[in-house]
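Reader: I am in my first year and would like to learn how to read a protein model step by step. Could we go through one together, with questions from me and reasoned answers from you?

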Amino acid sequence: MHKPRCFLSRVGFFSKSGLLYWCPRKPPDGSQLLLGSACKRTFTHVITKRCQRGRKSQKKPSHLGPLDSSWQERLADVVTPLWRLSYEEQLKVKFEAQKKILQRLESYLQMFNGFKVTTAAPKSEELCCLLQPIIPSPVIDGYRNKSTFSVNRGPDGNPKTVGYYLGTWRDRNMVCVRSNHLKNIPEKHSQVAQYYEVFLRQSPLEPCLLFHEGGHWRELTVRTNSQGHTMAIITFHPQELSQEELCVQKETVKEFFIRGPGAVCNLTSLYFQESTRTRCSHQQSPFQLLFGEPHIFEELLGLKVRISPDAFFQINTAGAEMLYRTIGKLSGVNSNTILLDICCGTGVIGLSLAKYTSQVLGIELVEQAVEDARWTAAFNGITNCEFYAGQAEKILPQLLKSKENGQLIVAVVNPARAGLHYQVVQAIRNCRAICTLVFISCKPYGETTRNIIELCCPPNSAKKLLGKPFVLRQAVPVDLFPHTLHCELVFLFTR
């Protein structure tokens with residue numbers, strides 16, 4: 001057992017934390033075609049290994065070779081490590097993983113003397129709260145509505161290979177493997193990635209593998225909706241190209257997907273982003289619409305939702321509906337409460353609950369996502385919602401002060417994997433009107449653990465946590481990511 005200060009220092013509790021147009025060629029054979037980012041190892045891999053007894057551990061690839069089923073299986077084992085199990089078995093693995101997370105959280109919370117966490121959990125389970133049964137995904141295969149494919153050297157050494165990464169940069173065995181065999185990626189995404197690779201292999205420009213080594217063509221992002229519409233976003237490093245040369249490249253890729261071999265993808269829209277960074281927002285480097293519709297739309301919980309190129313939207317649409325219904329039930333919002341939606345993305349959670357509450361206040365960092373939320377509210381005739389663009393730690397404290405009129409507030413937070421900023425936690429803790437908090441996490445350890453400790457610990461003047469502590473009542477796992485180890489965990493706190 002760790003000493004309290006030793007562990008909490010780990011989680012940050014005691015610290016602040018020559019340019020040519022495409023020409024028709026015979027496209028490569030399907031076996032030569034299609035990448036993204038493999039998930040990192042977590043302690044839940046231990047559970048997966050137990051379900052794969054008898055299988056010898058596979059060595060990391062030490063050399064490149066032709067693409068065959070072994071490469072595809074290696075990638076599948078990294079990106080979708082549960083793919084060999086039936087879905088029922090996958091759910092059992094995930095439920096046990098969530099149980100272990102709560103058991104570990106319980107041990108950390110009990111380090112505080114006299115720290116009462118909850119009375120709802122069965123003592124025999126040694127959990128920090130009541131753990132509800134896992135809610136399965138309505139769609140098991142091809143459920144992703146967004147996929148990001150990388151460009152790098154494939155097993156055959158070709159640097160213009162589009163797919164997902166296998167290996168690590170540290171071990172110098174990184175290789176890009178086509179991902180059309182992965183169970184969680186829809187055929188449309190794989191098709192667009194395949195034809196992007198066809199285009200790259202015809203292009204005289206080199207891919208940008210490392211920024212300082214030059215090259216231009218970078219990753220591809222594909223977004224789709226349930227109506228079959230497809231948006232593609234190509235990232236491009238301009239290096240020293242002139243504006244005239246950049247225009248030639250944009251026209252080239254546009255023609256390829258409108259009238260060339262890529263026309264079979266039937267794209268609804270094609271975006272082009274010039275980026276000199278690993279990731280760029282629209283404000284840092286605007287998404288340039290080469291052709292088609294500027295947005296993609298989705299039908300969700302009776303709402304027509306607008307989605308911009310870089311707006312956050314849950315990658316499993318059918319699963320997201322189950323998630324949002326769960327959040328609605330746990331929140332207990334009514335006509336006398338205000339719903340505060342922090343890290344709201346396109347605003348779907350708040351908008352779907354707007355008819356049950358007096359007002360919805362949404363905060364989101366990505367400005368385009370806030371514009372989408374406002375459009376969705378107006379289109380669907382929702383008038384009791386306000387959305388604010390910016391950093392939650394800067395907006396929330398002042399927003400809460402303006403709402404100190406005695407009306408109860410229900411807060412919903414859905415942060416990125418990095419968790420909530422400590423100033424956001426302070427604002428929530430110190431706002432007496434917030435008596436119910438719903439916390440959604442796809443990574444319920446690390447920074448999320450720190451957030452939970454700060455929400456539930458006794459008052460701490462040094463950390464400016466002056467309000468009454470929250471009590472963790474229950475957790476509901478919702479599976480949005482079949483075949484992977486990941487799962488959304490929805491926490492309910494009250495005080």
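What follows is a set of questions and answers on this predicted model.

Reader: Which helix gives the most to the largest nonpolar core, and how many residues does that core have?

Author: The largest nonpolar core has 45 residues, and those with the most contacts inside it include L323, Y324 and I327. This core draws at least three residues from each of domain 1 (146-298) and domain 2 (316-494). The helix that gives the most to this core, with five residues, is helix 7 (residues 317-331).

Reader: What does V438 touch, leaving aside residues up to four places away in sequence?

Author: V438 is among the residues with the most contacts inside the largest core, a group that also includes V490. Not counting residues up to four places away in sequence, the contacts of V438 are I327, L330, S331, A411, V412, V413, V490, F491 and L492.

Reader: How many residues are in the second, separate core?

Author: Apart from the core just described, there is a second, separate one, and among its members are L399, A411, L465 and L472. The number of residues in this second core is 42.

Reader: Where does UniProt place the feature "binding site"?

Author: The annotation comes from an unreviewed UniProt entry, and annotations of this kind may be inferred rather than shown by experiment. The positions that this entry gives for the "binding site" feature are Q314, E364 and N414.

Reader: Is Q314 buried or exposed, and what is its relative accessibility?

Author: Q314 lies in the loop between strand 10 (303-307) and helix 7. Not counting residues up to four places away in sequence, Q314 touches N145, A320, L323, Y324, N414, L480 and E488. A residue counts as buried when its relative accessible area is under 20%, so Q314 is buried, with a relative accessibility of 3%.

Reader: Is N414 buried or exposed, and what is its relative accessibility?

Author: N414 lies in the loop between strand 14 (408-413) and helix 11 (422-430). Its contacts, not counting residues up to four places away in sequence, are F312, Q314, I342, C343 and I440. With the same cut-off of under 20% for buried residues, N414 is counted as buried because its relative accessibility is 13%.

Reader: Which residues are linked with R84 in a network of salt bridges?

Author: A search of the whole structure finds 11 salt bridges. One of them joins R84 to D77, where the closest N and O atoms are 3.3 Å apart. R84 is partly exposed at 34% relative accessible area, whereas D77 counts as buried at 16%. The residues linked with R84 in the network are E73 and D77.

Reader: Why are E96 and K99 separated by about one helical turn?

Author: E96 and K99 form a salt bridge in which the closest N and O atoms are 3.7 Å apart. E96 is partly exposed, with a relative accessible area of 35%, while K99 is buried at 16%. They are separated by about one helical turn because they are three residues apart in helix 4 (residues 87-109).

Reader: What is the N to O distance in the salt bridge of E447 and R450?

Author: Both residues, E447 and R450, lie in helix 12 (residues 447-456), where they are three residues apart, about one turn of the helix. E447 counts as partly exposed at 29% relative accessibility, whereas R450 counts as buried at 3%. The side chains of E447 and R450 meet in a salt bridge with an N to O distance of 2.6 Å.

How values were computed: Residues are numbered from 1 along each chain as its sequence is written. This is a predicted model: local features need pLDDT of at least 70, side-chain atom pairs count only at pLDDT 80 or more; totals for chains, interfaces and linings use all residues. Side-chain values use heavy atoms; hydrogens and water are left out. A nonpolar core is a set of buried Ala, Val, Leu, Ile, Met, Phe, Trp, Tyr and Cys residues joined through side-chain atoms within 4.5 Å. Buried means under 20% relative accessible area, exposed over 50%, partly exposed in between (1.4 Å probe, protein chains only). Helices (H or I, at least four residues) and strands (E, at least two) are DSSP runs, numbered from the N terminus. Domain bounds come from an automatic or database domain assignment. Contact means heavy atoms within 4.5 Å. A salt bridge is a side-chain nitrogen of Lys or Arg within 4 Å of a carboxyl oxygen of Asp or Glu.
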